[in-house]
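Reader: I would like to learn how to read a model like this one. Please take me through it feature by feature.

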Amino acid sequence: MPHLVILYTPNLETATDMTALCRALAGTMLAVKDEEGKQVFPTGGTRVLAYPAAHYAVADGKRDYAFVYLNLRMAAGRSGATKKRAGDALLAVASAHFDPLMKDRLIGITLQVDESPGQVYDGKHSNLHPLFQKT
């Protein structure tokens with residue numbers, strides 16, 4: 001954790017570079033600091049994944065509307081101010097990415113931040129974290 005999952009309408013597929021958006025959002029996540037100036041999200045655990053929706057309906061369907069849904073899921077323990085800072089930063093990056101497209105098409109963007117305080121099971125298996133551990 002944290003994982004940022006993006007679900008978007010496939011009518012955006014040819015209009016924008018979703019890989020570039022993913023990289024920009026990952027960089028933004030890694031730059032978020034807490035109140036003490038410490039990195040909020042571990043480098044090895046930061047993931048941004050984007051998927052076009054196989055099926056979708058947006059608004060009244062009378063136009064070629066587009067939609068982007070971003071969901072940041074993180075483990076519990078961060079302050080409300082830190083979560084807001086992360087959300088504001090991510091929404092700013094996503095908005096800047098899609099603003100040029102919004103001149104010619106109608107796009108809705110939603111970002112939600114979820115916390116997982118009561119997980120029943122949180123299994124992990126990774127060899128990424130050791131790459132970024134400071135010794």
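Author: We go from the whole chain to one helix, then to single residues. This is a predicted model, in which local features need pLDDT of at least 70, side-chain atom pairs count only at pLDDT 80 or more, and totals for chains, interfaces and linings use all residues. Residues are numbered from 1 along each chain as its sequence is written, and side-chain values use heavy atoms, with hydrogens and water left out.

Reader: Which pattern of helices and strands does the protein follow?

Author: Elements are DSSP runs, numbered from the N terminus: helices are H or I with at least four residues, strands are E with at least two. Here there are three helices and four strands. Their order along the sequence is β-α-β-β-α-β-α. The C-alpha atoms fill a box of roughly 55 × 30 × 25 Å along the principal axes.

Reader: What percentage of the residues is buried?

Author: Use relative accessible area, with a 1.4 Å probe and protein chains only: buried is under 20%, exposed is over 50%, partly exposed is in between. Of the 135 residues in the protein, 33% are buried. The protein exposes about 8,300 Å², by the Shrake-Rupley method with that 1.4 Å probe. Carbon and sulfur atoms supply 55% of that area.

Reader: How many contacts join residues at least 24 apart, as a percentage?

Author: A contact means heavy atoms within 4.5 Å. Take the contacts between residues at least 6 apart in sequence: 80% of them join residues at least 24 apart.

Reader: Why are the buried residues of helix 1 on the same side?

Author: An α-helix has 3.6 residues a turn, so residues three or four places apart point the same way. In helix 1, the buried residues are Met-18, Leu-21, Cys-22, Leu-25, Ala-26, Thr-28 and Met-29. They share a side of helix 1 because they cover an arc of only 160° around the axis, taken from the directions from the axis to the C-beta atoms.

Reader: What does the face turned away carry, and what does the buried side of helix 1 pack against?

Author: Turned away from the buried side are the exposed residues Thr-19 and Arg-23. The buried residues pack against strand 1 (3-8), strand 2 (47-52), strand 3 (66-75) and helix 2 (80-102).

Reader: What span does helix 1 reach?

Author: The expected span is 1.5 Å times one less than the number of residues. Helix 1 (residues 18-31) has 14 residues and reaches 20 Å from first C-alpha to last, close to the 20 Å expected.

Reader: Which residue other than glycine has a positive phi near 55°?

Author: Ala-59 has that value. Ala-59 sits in the loop between strand 2 and strand 3. Its relative accessible area is 71%, so Ala-59 is exposed.

Reader: What does Ala-75 touch beyond four places in sequence?

Author: Ala-75 lies in strand 3 and is partly exposed, at 31% relative accessibility. Ala-75 touches Met-1, Glu-115 and Ser-116. Glu-115 is 40 residues away in sequence, but the C-alpha atoms of Ala-75 and Glu-115 are 5.6 Å apart.

Reader: Which residues is Arg-85 in contact with?

Author: Arg-85 belongs to helix 2 and is partly exposed, at 35% relative accessibility. Setting aside neighbours within four places in sequence, Arg-85 contacts Lys-33, Asp-34 and Glu-35.
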